[in-house]
Structure formats: C-alpha cells, structure tokens
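This report concerns a two-chain assembly and is addressed to a reader who works with atomic models. Please consult the sequence and the coordinates alongside the text.

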Amino acid sequence: MAEVEKKEEREVPYYETVLGASPEKLATVDYKPPAKPWMDVPPKFKKLDYLNPAKVKWMKVIDLPFPREWSPPDEDWKLPENWKEIFLNGMEDRLKRFRSFQLFMDICVRCGACADKCQFFIGGGDPKNMPVLRAELLRSIYRRYFTTSGKILGKIAGARELTVDVIKELFKYSFQCTECRRCSVFCPYGIDMAEITMIARELLLLLGMHVNWAIEPVGKSFLTGNHMGLLPHTIKDFMDEYRDELEKITGFKVDVPMNRKGAEILYIVPSGDFFDERGVILTIATLLYFYHIGLDYTWSTYTSEGGNFGLFTSHEMIKRLNAKMYAEAKRLKVKWILGGECGHMWRVINQYMGTVNGPADFLEEPVSPITGTKFENAKDTKMVHIAEFTADLIRHGKLKLDPSRNDHVIATYHDSCNPSRAMGLFEEPRYIIKNVCNNFYEMPESCIREKTFCCGGGAGLGTDEQLETLLRGNFPRSNATKHVHEKFGVNRLLCMCAIDRAVLSMGLSYWCPQVTVGGVHELLANALVIPGESPRTVDLRRQPLKRPITPGKIAGKEA
Amino acid sequence: MSFGLSFWVSLIAVLALILVAWVGVEGAKLNFLFGAIIPYVAIAIFVVGMIYRILKWASIPLPFRIPTTTGQQKSLPWIKQNKIENPSTALGAAIRMVFEVLLFRSLFRNMRTELRPGPRLSFASAKWLWLAALAFHYSFLIILIRHLRLFIEPVPSPVKFLEMIDSFFQVWVPLVYITDLMLIGAVTYLLLRRVFIPQMRYISLPSDYFPLFLILGIGITGGLMRYFYKVNVVGIKELTMGLINFSPKIPEGIGVLFYIHLFLVSTLFAYFPFSKLMHMAGVFLSPTRNIANNNRAKRHINPWNYPVKVHTYEEYEDDYREFMKDAGLPLEKED
C-alpha cells in the first residue's frame with residue numbers, strides 16, 4: 001500500500017520506471033501460441049513476476065499443512081514426500097463433494113468462446129490464460145487418473161501424468177486467475193473458471209502451497225478481525241481521526257459508535273475503509289451520511305473486515321472467517337447487518353454466508369428504519385447492501401441532494417466482478433450515482449454490467465509483487481476508462497469494491513493517470529444538503545468544488 | 001499433443017472405422033454383426049452410459065448456490081429485475097434453461113476482442129460460432145427425426161410434414177434436404193475454425209476432431225446414399241423395422257455404404273457417454289445456470305457443511321483486552 005501512495009506524487013508513472021516498459025510497449029501483445037504443444041511447455045517464473053509463497057508464520061496461525069520456506073523460481077519446491085497421493089486423493093474427494101467440479105471436468109467442448117474474454121489473456125497473450133486452457137491444466141490430470149479413456153489412451157485422450165512441473169504450472173496459473181467469472185458468462189454450459197481455480201487452489205493448499213498475499217490477510221483476519229491486522233485500539237484511533245477530519249471539512253461533529261451493544265444495525269465494511277486513502281474518504285463520507293439520517297448503528301472491531309480472503313483460499317476458510325459476522329451480530333444484539341462497498345465480500349454474503357453459517361434466526365428480517373421498506377431479498381441472510389439501502393432512501397425522498405456539488409467530477413462506473421456476476425447489483429449504484437452527480441458516462445456496453453472486466457487484482461492478486469501480470473490484467477478495464485476519459489473528459493472511476501479502489505488506482509496510474517478512483521457513497525455524501533451545514537469550498541477529499549457551498553442553497557439557489 | 005497428431009489420429013480413426021465396416025461386410029460378410037449386433041450393443045451402451053453418467057452427476061451434492069448472474073437482481077420492488085438472466089424463482093431458472101438449451105443464449109453473447117494500435121481494445125460482434133452451433137444441432141435433430149420413417153410404419157404425418165418443409169427448395173432428384181446441407185456446412189465450419197484459428201488449434205484435442213470427423217462421415221455416407229448411389233431403401237426399412245421390433249432381419253442387396261453409415265452411427269452412439277458430447281445432458285445440470293439467485297432470501301443447505309475452528313470474540317477480547325480498555329472500547333469482561 002505504501003507503494004501506491006508513493007507513486008501518485010510522481011510525474012513519471014512510477015510503475016513505468018519499475019517495469020522499464022511504457023504502456024504502448026506493454027500493450028503490444030503477441031497472441032500467437034508457441035509452436036510446442038502446451039503440455040510440453042514448462043512453466044517459467046520470471047523475476048519479479050510471481051506471487052510470493054505463504055509465510056510459515058501465517059500458515060501456522062490458520063493450521064495449514066506443510067508450512068515451509070520456498071520460492072517459485074527454485075528448482076525444489078520441497079513438496080511433501082507423498083505429494084502425488086495427497087493431491088489425487090484431494091481431487092477424488094472434491095469430485096465427490098462438488099457437482100460443479102465433476103461437471104466442469106466432464107462437459108467442456110473447447111469451443112473457445114471464453115478464450116478472449118479473460119483480461120489476463122487479452123492483456124498478456126499467454127495461451128494458458130485462456131480460461132479453456134487454464135481449466136485443461138487440471139482437466140488433463142482428471143482424465144489421466146479418473147477416466148477410463150484417459151487411463152488407457154493417455155495423451156490421445158488429452159490426459160497427462162501428474163508431475164512436479166504440472167504442480168508448478170497449476171500454481172502459476174491459479175494465481176493468474178482472479179475468479180472474476182467473466183468467462184462463465186460466455187460459456188454455453190456455464191462452466192465457471194472461478195470454481196475450477198478455487199478447487200485447484202484448495203489442492204495446492206493440501207501440499208502447503210499458497211500465496212502470502214492471500215494467506216497473511218487470512219491469518220490476520222482470523223486473529224484481529226481484519227486483513228491488515230489492525231488492532232482494536234488502532235481502529236478506534238483511526239476512526240477518531242476521520243471524525244475530526246470530517247469536522248474540519250464540514251463542521252459537523254459526529255459520533256462514532258464502536259462495538260456498541262443494542263444498536264439496531266451492525267455495519268461491516270472492507271478494512272480498506274480504515275486505511276486505504278480512497279477507502280478512508282468513503283468512511284468519512286459514511287460517518288456524515290449515517291449522522292445525517294440518524295442511523296442507530298455500530299461499527300465493530302471484531303468484524304472490522306467485510307472482505308473474506310478465505311474465498312481465495314478454501315471453502316473451509318470462507319466459513320472460518322465469515323463466522324465472525326453472525327457471531328458479532330448476535331453478541332451485540334443488533335437487528336440486522338448492513339454491508340459496505342466491497343466486491344468479493346458480497347459474493348460470500350450472497351452465495352455462501354447463509355449456507356455455511358446460517359440460519360441467522362437470532363436476527364430480524366431487515367427493515368429500513370427510515371422508510372420502513374422491508375428488504376425481502378435479504379430476509380434469510382439478514383444482510384443488506386448499502387447501495388440497496390441508499391437507493392431506497394433516495395427513492396422515498398428521504399435525502400436532500402444537490403448533485404451540482406459534484407460538478408467537479410465527471411464520473412464513470414466500474415461494476416465489480418462479484419457483485420455483478422454473483423449477485424446482479426447493477427441498477428442500485430447507478431440510481432444513486434445519477435441522483436448525486438450531473439456528469440455520468442458509461443463505458444462501452446461490452447465491458448460493463450455482467451460483462452465487466454476485473455480490475456486485475458481480485459482473488460489475492462492485488463499486489464505489485466507480480467506487477468507485470470497485474471498491469472496486463474488491469475489493461476482492459478483501464479483501457480475502457482481511458483476511452484471515456486478521452487471522449488467525455490471522465491476524471492473519476494467510481495466503483496464499489498475495496499480491492500478495486502486500490503488496484504484500479506495502481507492500474508490507472510500506469511495506463512491513464514488522469515483518472516482517479518473513488519467510492520459511490522463519497523459522491524453521495526458530497527451531495528448531501530444537511531441542515532446546519534457550514535460554508536465550504538472543498539469536497540470530502542479536500543478537492544476544490546466548482547461552486548462553493550452556501551448553507552441552505554441547492555445548486556446556488558435557495559433551497 | 002501436437003495439432004498434427006490430434007488431427008490425423010482422429011481422421012485416420014474415422015477412416016479406419018469405415019474400412020472396418022467395408023471389409024467386415026464386403027469381405028467377411030459379417031452383415032448380421034454390422035447390421036444387428038453392433039447397433040444393438042451401441043444403443044445399449046448409449047442408454048446405460050447416459051443414465052449412469054447423469055445419475056452420477058445428480059448424486060453429487062450441490063454444496064453452494066452459485067448461479068452466474070447476468071442481469072439485475074431482485075432487490076427493491078421498483079427496480080426492474082431481469083427475471084430470466086437473474087432468476088429468483090425455480091420457474092425463472094427453468095425459463096433461463098430453456099433459452100440456454102434451445103437458443104444457446106450464452107453463446108449468443110459471444111464477441112471478438114481485438115487489440116488495436118493506440119493501444120485500444122475493441123469489441124466486435126462474433127455470432128458465427130453461435131449460428132454454426134445452432135445450425136449444426138438443429139439440423140442434426142431434424143435429420144434424426146426424419147429417420148423415424150425407418151422405424152415406424154406407416155410413416156407418421158409429422159415426419160412427412162417435416163420432410164416436406166425440409167425439402168422446401170425442391171431441387172435435385174431426389175429432393176435435397178436443407179438440413180443435410182446445413183449439417184455438412186456447419187460441421188465443416190466447426191472443423192475449419194479448429195484448424196485455422198491458432199488458439200483453437202492449440203487447445204484442440206483428438207476428442208475434438210474425432211466427433212467432427214465421425215459426424216462428417218455420417219453426413220457424407222448418408223448423403224451419398226440418398227443423392228448419388230441409390231441404395232435398396234425397401235431392404236433398409238426391412239432391416240430397421242426388424243431392429244426396432246427385436247426380430248433382426250438382414251435382407252440381401254442393401255449395399256455396403258449403408259453398413260458403413262450404420263457403423264459410424266453406432267460408433268457415435270457408443271462413444272457418446274464417454275465423451276465431451278455428454279455436454280448435451282450436462283448443460284441441464286450446470287449449477288451456474290439452472291438455479292435461482294435467491295440465497296439471501298432462502299437458505300441453501302450444504303449436506304456436508306461441517307463445524308470449523310473459529311476465533312471467537314472471547315478469545316479476541318482476551319488477546320487485546322488492555323488495548324481495548326485503554327481506547328475506551330466496551331468490554332465483556334473487565335479483566
């Protein structure tokens with residue numbers, strides 16, 4: 001994260017210096033596959049372009065097997081003695097437990113519709129990043145050990161031996177997939193690469209192999225409640241600081257309820273909202289917003305993380321980390337849970353939480369305390385997305401909004417992978433944006449909504465350890481942003497995901513530095529007309545406004 | 001597996017099948033084997049294999065509800081839900097499946113992503129694959145239905161009607177069936193794109209080429225029989241009626257071409273349950289398409305959900321009590 005902040009003050013894009021390649025050069029992609037058949041091309045680990053293995057310390061915290069020191073470029077990965085048996089047994093077990101896995105191993109026809117849909121293939125050209133071939137890496141093993149034809153015919157049946165090189169290859173490409181599910185939108189059988197990557201990672205984990213960028217957050221989240229390992233008092237200090245900053249900008253002195261029992265609503269956000277610069281602004285915005293509507297709510301240090309890197313680790317780990325949400329809601333005796341702007345957090349809440357840790361029968365069916373709207377779509381899981389909550393308030397005219405207070409912003413909106421393709425949250429954020437901002441332009445239809453591109457850093461890939469891959473994976477999203485920047489003068493890429501806020505900022509600083517990144521509720525809070533407000537000339541990120549705010553006036557006219 | 005090997009192995013395999021049938025019938029006079037035993041065995045393998053595979057899939061639990069949502073979710077009443085692309089009910093999911101199975105909805109989304117100088121990504125419409133796939137599957141289906149005339153006496157009127165529509169253009173004698181041309185054309189397209197698109201060539205396996213060659217072989221032998229080398233249709237019907245009535249008869253003078261055709265068809269049936277062709281049944285079970293996205297409203301049960309080790313709030317407070325106390329955060333236990 002320190003890296004992100006450093007580069008933003010530089011004239012020459014920081015990553016260009018690090019990489020030694022201009023955007024024009026990096027975007028010259030050779031899509032021609034190698035002459036050698038793919039089974040004969042061993043994986044290579046380029047210097048400074050792989051993710052570092054999970055550290056022993058964090059592996060131990062969460063009881064993972066075979067913790068050890070190793071590095072991808074090493075010849076010897078120090079695999080456990082019976083690695084092959086462990087791997088194949090693990091595969092057999094999962095074929096019996098996941099219909100998705102068995103089916104996705106069986107029914108692919110290799111039509112290739114998914115091939116040019118993956119941002120890592122588009123930006124990098126490595127054929128093993130075509131989802132079809134990335135899946136074949138594991139499918140070829142499945143055929144060799146679990147199908148009769150593969151056992152007898154071998155290569156002719158598309159089967160191959162499980163070797164150390166295959167393990168290395170699986171490691172490499174399982175961490176060049178962000179589990180974004182874009183390919184599954186185009187697959188005629190709905191084969192979901194995310195599902196295959198998740199299983200492949202579980203299998204690697206059985207051999208004690210994963211990346212530190214995922215395992216350290218998992219370990220920290222397990223112990224401290226958040227990926228960054230922020231301790232309770234640190235969060236409290238940070239929140240006090242943000243409260244003071246809000247007061248300095250707006251003059252409003254607000255309460256910051258922390259771990260408060262008996263509140264109506266428990267509010268859970270990705271921990272990026274406590275430290276990442278764009279996330280922090282979102283927190284400041286939220287403090288103002290909840291103060292304004294008089295919400296009876298609380299933050300929690302024990303669930304100071306909405307995100308769940310367990311999703312990128314194993315199905316078991318999803319449950320282990322997610323368990324805190326209901327446990328804390330029960331302890332604090334809240335009625336229901338509200339969730340902030342986060343991406344994969346919502347995949348977990350929408351597709352896993354009720355199943356793994358429900359039923360949440362100690363909570364009440366969510367009802368907006370301001371409008372009385374029942375959130376029927378969340379009546380079992382009892383967790384509402386803040387965009388749903390806010391859209392309802394705006395619809396009922398409960399917020400006085402002056403969109404001209406965002407006239408210095410020309411916005412576009414990036415649909416985050418998980419809320420898009422694992423939930424379908426498309427209209428709620430757009431409704432909010434259109435009500436709080438006068439200048440909103442969509443990116444081309446082929447790369448928004450269900451067809452949205454990944455930022456390139458989901459699923460534990462959001463680090464510059466693997467800088468080249470990250471920037472290549474980020475290219476399609478940044479390129480579409482650049483398109484609307486050039487066409488409409490867009491200067492703000494809105495999104496509802498903490499990883500997006502960090503990774504899109506990294507990517508744009510390289511591909512299109514004129515555009516900044518921010519959350520949707522930041523613009524909402526900017527546009528709020530609040531009784532008793534003071535005059536001001538800056539927005540919540542202290543950027544100068546087009547027209548200074550005069551209390552009681554909307555768009556310069558009497559309210 | 002290199003391209004050359006994949007391609008030639010598959011082609012040679014199909015040619016070998018043709019040769020086997022030819023030698024078997026012309027040389028060894030094994031007409032009963034090729035005309036009755038093999039078709040019976042093939043159908044048996046097909047039926048048993050299909051049922052086995054489907055039951056096996058269906059017996060595996062569906063631990064999580066993981067639909068890929070391709071439209072607006074059901075949330076607030078005034079936001080228009082896309083009930084098909086993001087169904088919240090079983091009915092919606094069923095309609096989604098109808099679109100998927102009958103119209104290849106997802107493949108219809110296909111587009112070509114191109115990187116142009118600038119750098120600039122562009123997205124172009126690419127519906128050819130969808131069109132060819134649709135043409136291929138539907139012509140295959142219609143041809144199969146047309147073949148019912150060989151198994152039912154008298155020929156049912158819907159089959160006759162279909163034949164009439166299918167020969168709408170009224171060219172050639174006997175009349176050319178549009179679906180025959182479509183099948184050959186579509187299979188050829190599907191084959192050529194595997195050969196000429198570098199990425200397709202790179203990912204294609206013998207199990208991709210083999211069914212294409214096999215179906216091409218079936219189409220060509222069928223076409224030859226109908227349009228060029230007239231075979232003994234009366235004799236063939238006698239044979240097929242015998243098969244369907246479980247009293248196989250092998251009339252004389254049917255012609256080897258028929259036996260080759262029948263052998264290739266038998267191979268296709270027998271090969272089916274062991275191959276990627278099982279996508280025909282598998283698509284119905286695809287968990288990203290066939291279930292509703294209603295997890296937050298209705299709890300999905302995972303039969304193997306098991307308890308896991310968690311870090312409880314009590315442990316957390318024990319770990320950080322002093323810090324929390326100093327920061328003025330509320331505590332469960334004061335010391």
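The following sections treat the interface, the sheets, and some local backbone features.

The structure is a predicted model.

**Interface of chain A and chain B**

The contact involves 120 residues of chain A and 90 residues of chain B. About 9,200 Å² of area is buried between the two chains, and carbon and sulfur atoms contribute 60% of that area. On the chain A side, A:Arg99, A:Arg110 and A:Thr355 supply 9% of the area that chain A buries against chain B, more than any other three residues.

Polar interactions also cross this interface. Six salt bridges are found between chain A and chain B. One of them joins A:Arg110 to B:Asp208, with the closest N and O atoms 2.7 Å apart. The number of residue pairs in polar contact between the two chains, both at pLDDT 80 or more, is 72. Helix H18 of chain A, residues 344–357, provides nine residues to the side that touches chain B, the largest share. Sorted by class, that side of chain A holds 57 nonpolar, 25 polar and 38 charged residues.

**Sheets of chain A**

Chain A has an open sheet of four strands in the order E2-E1-E3-E4, with parallel pairing. Strand E2 (297–298) and strand E4 (383–385) of chain A each have a single partner strand, so one side of each is left without a neighbour in the sheet. Within this sheet, A:Tyr267 stands opposite A:Leu338 in E3(A). Two helices lie over the strands. Helix H17 of chain A, residues 315–331, lies across E1, E3 and E4 of chain A and runs at about 150 degrees to E1(A). H18(A) likewise lies across E1, E3 and E4 of chain A, running at about 140 degrees to E4(A). Thus H18(A) is described twice here: against the sheet, and as a contributor to the side of chain A that touches chain B.

An open sheet of three strands in chain A has the order E5-E6-E7, and its pairing is parallel. Its edges are strand E5 (411–414) and strand E7 (516–519) of chain A; each has a single partner strand, so one side of each is left without a neighbour in the sheet. From one strand to the next, the twist averages 35 degrees. A:Tyr413 has A:Leu494 in E6(A) as its bridge partner.

The table lists strand pairs from both chains.

| Strand pair | Residues | Sense | Bridges |
|---|---|---|---|
| E1(A) and E3(A) | 265–268 and 336–339 | parallel | four bridges |
| E5(A) and E6(A) | 411–414 and 492–495 | parallel | four bridges |
| E1(B) and E2(B) | 111–116 and 120–125 | antiparallel | six bridges |

**Hairpin of chain B and local backbone features**

In the hairpin of E1(B) and E2(B), B:Met111 has B:Ser125 as its bridge partner. Three residues lie between the strands, and B:Gly118 takes a positive phi near 145 degrees. A cis peptide bond, with omega about -10 degrees, joins B:Gly118 and B:Pro119. B:Pro119 is located in the loop between E1 and E2 of chain B.

A cis peptide bond also runs from B:Glu153 to B:Pro154, with omega near -5 degrees. B:Pro154 is placed in the loop between helix H5 (128–146) and helix H6 (157–166) of chain B.

In chain A, A:Asp63 is a residue other than glycine with a positive phi, near 60 degrees. A:Asp63 belongs to the loop between helix H4 (56–61) and helix H5 (83–97) of chain A.

Notes. Residues are numbered from 1 along each chain as its sequence is written. Chains are lettered from A and ligands numbered from 1 in the order in which they are written. This is a predicted model: local features need pLDDT of at least 70, side-chain atom pairs count only at pLDDT 80 or more; totals for chains, interfaces and linings use all residues. Side-chain values use heavy atoms; hydrogens and water are left out. Contact means heavy atoms within 4.5 Å. Buried area is the accessible area (1.4 Å probe) that two parts lose on being put together, summed over both. A salt bridge is a side-chain nitrogen of Lys or Arg within 4 Å of a carboxyl oxygen of Asp or Glu. A polar contact is a pair of N or O atoms within 3.5 Å; within protein, one must be able to donate a hydrogen and the other to accept it, and residues adjacent in sequence count only if both atoms are side-chain atoms. Ala, Val, Leu, Ile, Met, Phe, Trp, Tyr, Cys and Pro count as nonpolar, Asp, Glu, Lys and Arg as charged, and the others, Gly among them, as polar. Two strands pair if DSSP finds at least two bridges between them. Axes are lines fitted to C-alpha atoms, for helices over the stretch in contact, and angles run from 0 to 180 degrees between N-to-C directions.
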